[in-house]
Structures are given as C-alpha cells and as structure tokens.
Amino acid sequence: MSEPTGKYSITMPRDIAEAAKARGGPSGLSAYVAAAVARQIERDNLNELIAVAEAEHGPITDEETRALRDQLHRAREQQTQGGANAA
C-alpha cells in the first residue's frame, strides 16, 4: 500500500482479533485487517454495480448465472489444458 497510513482505534470481538493476529504473521494485524477491509470495499462496490445494472436491465436469472459459470469453467479448463500442453 503506497498510500499514507493513519492510526485508528477499532473494537472487535477478542477471538476474531486473536485469530486475525495469528494469521497476520510477519505482516501483522494491521496489514491483515487492511486487506480484509479492502476486500469488503471491493465486494460492496461490486454489489452497487450489480444493483445499478439490475435496475437498468432487470435481474439476472438463475439460468443466465449457470450459463456464465459454465462458460467460465470451460475457459479455465482450456487454460489449464493449454498450460499443460505447453510444458
């Protein structure tokens, strides 16, 4: 993170803080929490984009979701097979 940092005080359940601290390893609790918050912000932003798109185009159906997941799965398989063939 190249942005300037600030010091903040947060409150969270002790067991969650201890688990995060243990998983933070050499980077520490602050880096672990910052990464978790950054991921949540990304998810929130995606949810906002989905809401705007659905308001404009209607909700995505389960069938469309399945079709797109199948397409992604096939693309990943092709990518994996291509990498194995190149080796």
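# Notebook: a three-helix predicted model

I began with the charges, and I counted 10 positive and 13 negative side chains in the protein, with the centres of the two sets lying 11 Å apart. I note at once that this is a predicted model, and I therefore looked up the confidence next, taking pLDDT as the predictor's confidence in each residue. The protein averages a pLDDT of 92, and 92% of the residues score at least 70. When I went through the elements, I found the highest mean pLDDT, 96, in helix α2 (residues 28-57), and the lowest, 89, in helix α3 (residues 62-86).

**Overall build**

I then listed the elements and found 3 helices and 0 strands, which run α-α-α from the N terminus on. The radius of gyration came out at 20 Å, well over the 12 Å that the globule rule gives for 87 residues, so I wrote the protein down as more spread out than a compact globule. Along the principal axes, the C-alpha atoms fill a box of roughly 45 × 45 × 30 Å.

I also looked at the surface, where the protein exposes about 8,100 Å², with carbon and sulfur atoms supplying 54% of that area. Of the 87 residues, 3% count as buried.

**Helix α2 and what follows**

How far does α2 reach from its first C-alpha to its last? I found that its 30 residues reach 44 Å, which is close to the 44 Å expected at 1.5 Å a residue. Just after α2 I came to Gly58, which takes a positive phi of about 90 degrees.

Within helix α2 I picked out Glu42, and I asked myself whether Glu42 is buried or exposed. Its relative accessible area is 51%, and because exposed means over 50%, Glu42 counts as exposed. I also took the distance from Glu42 to Ala67, and these two are 25 residues apart in sequence and 24 Å apart in space, C-alpha to C-alpha.

**Two alanines in α1**

I turned next to helix α1, where I looked up Ala17 and Ala19. Ala17 has a relative accessible area of 18%, and since buried means under 20%, I entered Ala17 as buried. For Ala19 the relative accessible area is 40%, so I entered Ala19 as partly exposed.

I checked one partner for each of these alanines. Ala17 and Gln71 are 54 residues apart in sequence, and their C-alpha atoms lie 39 Å apart in space. Ala19 and Leu29 are 10 residues apart in sequence, and from C-alpha to C-alpha I read 9.5 Å in space.

**Before the helices**

My last entry concerns Glu3, which has its place in the segment before α1 (14-24). Is Glu3 buried or exposed? I found a relative accessibility of 60% for Glu3, which means that Glu3 counts as exposed. From Glu3 I went to Asp70, which is 67 residues away in sequence and 39 Å away in space, C-alpha to C-alpha.

Terms used: Residues numbered from 1 in each chain as written. Predicted model: local features only at pLDDT ≥ 70, side-chain atom pairs only at ≥ 80, totals over all residues. Heavy atoms only, no water. Helix = DSSP H or I, 4+ residues; strand = E, 2+ residues; numbered from the N terminus. Rg over C-alpha atoms; globule rule 2.2 N^0.38 Å. Buried < 20%, exposed > 50% of the residue type's maximum accessible area, 1.4 Å probe, protein only. Areas by Shrake-Rupley, 256 points an atom, 1.4 Å probe, with all protein chains shown as cover. Lys, Arg positive; Asp, Glu negative; His and termini not counted. Charge placed at Lys NZ, Arg CZ, Asp CG, Glu CD. pLDDT = per-residue confidence, 0-100. Expected span 1.5 Å × (residues − 1).
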